[in-house]
Amino acid sequence: MSIAERTAQTTWEGPLASGTGTLREGSSGALDGLQVTWAARTEQPGGKTSPEELAAAAHSSCFAMALSLKLGENHTPPQRLDVAATVTLDEVDGAPTITTSRLRVRAQVAGLDADRFAAVVDEAAALCPVSRLFAGAKITVDAQLD
């Protein structure tokens, strides 16, 4: 039995370059009405989202949760974690491919030195399900204690 299952649906209208998609999500409704376009993906967002932005949101939130868990297990729960993910879409062998996800972590954690923090970050990286989903992409983590 799975831990969780969520569904999102996109309805697309029109050709790729000028068309638009609208997201609907059946579980929480948080994504309802978000629009996605090719221009938002490759040019300027213009108030719309893209698969890469949604992937970055998924990766940053997943990593923040994994790091919070691992810091708690280390008996050094975080006061604050700021996790940003930058997902890159490149052309690989003629096909658009998500090639990297760069995580930038800034953490406020009392009673933890930089070496132990780096070890806990590595544990979180191995735990985060979205990191494992992106296993074929290059994932980097720049993590620092504030």
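Select Val 83 and Val 105: Val 83 stands opposite Val 105 in strand 5. This is a predicted model, so read each stop of the tour as a description of a prediction.

**Strands 4, 5 and 6**

Extend the selection to residues 80-92 and 95-108, which are strand 4 and strand 5. Strand 4 and strand 5 pair in the antiparallel sense, over 13 bridges. Go to the hairpin that joins strand 4 and strand 5. Two residues lie between the strands there, and Asp 93 takes a positive phi near 50°.

Now add strand 6, residues 138-145. In which sense do strand 5 and strand 6 pair, parallel or antiparallel? The sense is parallel, and the pairing of strand 5 and strand 6 runs over eight bridges. To find the register, select Leu 103, which stands opposite Val 141 in strand 6. Strands of a sheet pair through backbone hydrogen bonds, either parallel or antiparallel.

**Helix 2**

Select residues 51-73, which make up helix 2. Helix 2 has 23 residues. From its first C-alpha to its last, helix 2 reaches 33 Å, close to the 33 Å expected at 1.5 Å a residue. After helix 2 comes His 75, with a positive phi near 65°.

Show the side chains of helix 2. Its buried residues are Glu 52, Ala 55, Ala 56, His 59, Ser 60, Cys 62, Phe 63, Ala 66, Leu 67, Lys 70 and Leu 71. What do the buried residues of helix 2 pack against? Their partners are helix 1 (38-42), strand 4, strand 5, helix 3 (114-127), helix 4 (129-133) and strand 6.

For another position, select Leu 69, which is also in helix 2. Leu 69 has 43% relative accessibility and therefore counts as partly exposed. Measure from the C-alpha of Leu 69 to the C-alpha of Ala 8: the two are 61 residues apart along the chain and separated by 26 Å.

**The largest nonpolar core**

Select Phe 63, Leu 67, Leu 71 and Phe 117. The largest nonpolar core has 24 residues, and these four touch the most other members. Helix 2, strand 4, strand 5 and helix 3 each supply at least two residues of this core. Helix 2 gives the most, with seven residues. In soluble globular proteins, nonpolar side chains tend to be buried together.

Keep Phe 117 selected and display what surrounds this residue. Which residues is Phe 117 in contact with, leaving aside its neighbours within four places in sequence? They are Leu 67, Leu 71, Val 105, Ala 107, Leu 112, Ala 143, Gln 144 and Leu 145. Val 105, the residue opposite Val 83, is thus back in view.

**The three-stranded sheet**

Move to the start of the chain and select strand 1, residues 8-13. Strands 1, 2 and 3 form an open sheet in the order 1-2-3, with antiparallel pairing. Strand 1 and strand 3 (35-36) stand at the edges with a single partner strand each, so one side of each has no neighbour in the sheet. Strand 1 and strand 2, residues 20-25, pair over six bridges. Within this pair, Ala 8 stands opposite Glu 25 in strand 2.

**Between the domains**

Colour residues 1-49 as domain 1 and residues 51-145 as domain 2. The C-alpha centres of the two domains lie 23 Å apart. How many residues of domain 1 are in contact with domain 2? Six residues of domain 1 are in contact with five residues of domain 2. About 510 Å² is buried between the domains, and carbon and sulfur atoms give 64% of this area. On the domain 1 side, select Val 36, Arg 41 and Thr 49: they lose the most area to domain 2, together 74% of what that side buries.

Next, select Gly 46, in the loop between helix 1 and helix 2. Is Gly 46 buried or exposed? At 63% relative accessibility, Gly 46 counts as exposed. The C-alpha atoms of Gly 46 and Ala 30 are separated by 20 Å, with their positions 16 residues apart along the chain.

**The whole chain**

Zoom out. The protein chain has four helices and six strands, and from the N terminus on the elements run β-β-β-α-α-β-β-α-α-β. The C-alpha trace spans about 55 × 35 × 30 Å along its principal axes. Of the 146 residues, 31% count as buried.

Definitions and conventions:
Residues are numbered from 1 along each chain as its sequence is written. This is a predicted model: local features need pLDDT of at least 70, side-chain atom pairs count only at pLDDT 80 or more; totals for chains, interfaces and linings use all residues. Side-chain values use heavy atoms; hydrogens and water are left out. The expected span of a helix is 1.5 Å times one less than its number of residues. Buried means under 20% relative accessible area, exposed over 50%, partly exposed in between (1.4 Å probe, protein chains only). Contact means heavy atoms within 4.5 Å. A nonpolar core is a set of buried Ala, Val, Leu, Ile, Met, Phe, Trp, Tyr and Cys residues joined through side-chain atoms within 4.5 Å. Two strands pair if DSSP finds at least two bridges between them. Domain bounds come from an automatic or database domain assignment. Buried area is the accessible area (1.4 Å probe) that two parts lose on being put together, summed over both.
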